[in-house]
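Trainee: I would like a close look at a single part of this model. Please take me through it step by step.

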Amino acid sequence: MNGTLIGLLFGLALGFAAAFGGFGAFVAVLVLGGLGLLAGRWADGELDLSALVGAARDRR
């Protein structure tokens, strides 16, 4: 699946949640979708948390 198709499916899921579940369901789908995205990137090895931790250390 390419990024366009995934974006389309995610947009449809958000649309259905907003139409049938209201604002609370929309936010829940949005948050859970974001967590799923992070989990998928971590599983693929594309999420580099060391850069985030290093940036936080540099601020101190």
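Where is the place of Phe16? Please go on from there to its surroundings.

Mentor: This is a predicted model. Phe16 sits in helix 1, which covers residues 3–44.

Start with the chain as a whole. The protein chain has two helices and zero strands. It has 60 residues, and buried ones make up 3% of them. The chain exposes about 4,900 Å². Carbon and sulfur atoms supply 69% of that area.

Now the residue itself. Phe16 has a relative accessible area of 53%. The cut-off for exposed is over 50%, so Phe16 counts as exposed.

Next, its partner. A search of the whole structure turns up two aromatic pairs. One of them joins Phe16 and Phe20. A pair of aromatic rings is described by the distance of the centres and the angle of the planes. For Phe16 and Phe20, the centres are 5.9 Å apart and the planes differ by 10°. Stacked requires planes under 30 degrees apart, so this pair is stacked.

Look at the spacing too. Both Phe16 and Phe20 belong to helix 1. They are four residues apart, about one turn of the helix. Phe20 is exposed as well, because its relative accessibility is 70%.

Finally, the surface around them. Phe16 and Phe20 contribute to a nonpolar surface patch of about 640 Å². Leu5, Leu8, Leu9 and Leu12 make up the patch together with these two Phe residues.

To recap: Phe16 is an exposed residue of helix 1, stacked with Phe20 and part of a nonpolar patch.

Conventions. Residues are numbered from 1 along each chain as its sequence is written. This is a predicted model: local features need pLDDT of at least 70, side-chain atom pairs count only at pLDDT 80 or more; totals for chains, interfaces and linings use all residues. Side-chain values use heavy atoms; hydrogens and water are left out. Patches are made of residues with over 30% relative accessible area and no salt bridge: like charges are joined within 9 Å, nonpolar side chains (Val, Leu, Ile, Met, Phe, Trp, Tyr) within 5 Å. Accessible areas come from the Shrake-Rupley method with a 1.4 Å probe; for residues, only the protein chains shown count as cover. A salt bridge is a side-chain nitrogen of Lys or Arg within 4 Å of a carboxyl oxygen of Asp or Glu. Buried means under 20% relative accessible area, exposed over 50%, partly exposed in between (1.4 Å probe, protein chains only). Rings of Phe, Tyr and Trp (its six-membered ring) pair if their centres lie within 6.5 Å; planes under 30 degrees apart count as stacked, over 60 as edge-to-face and the rest as tilted.
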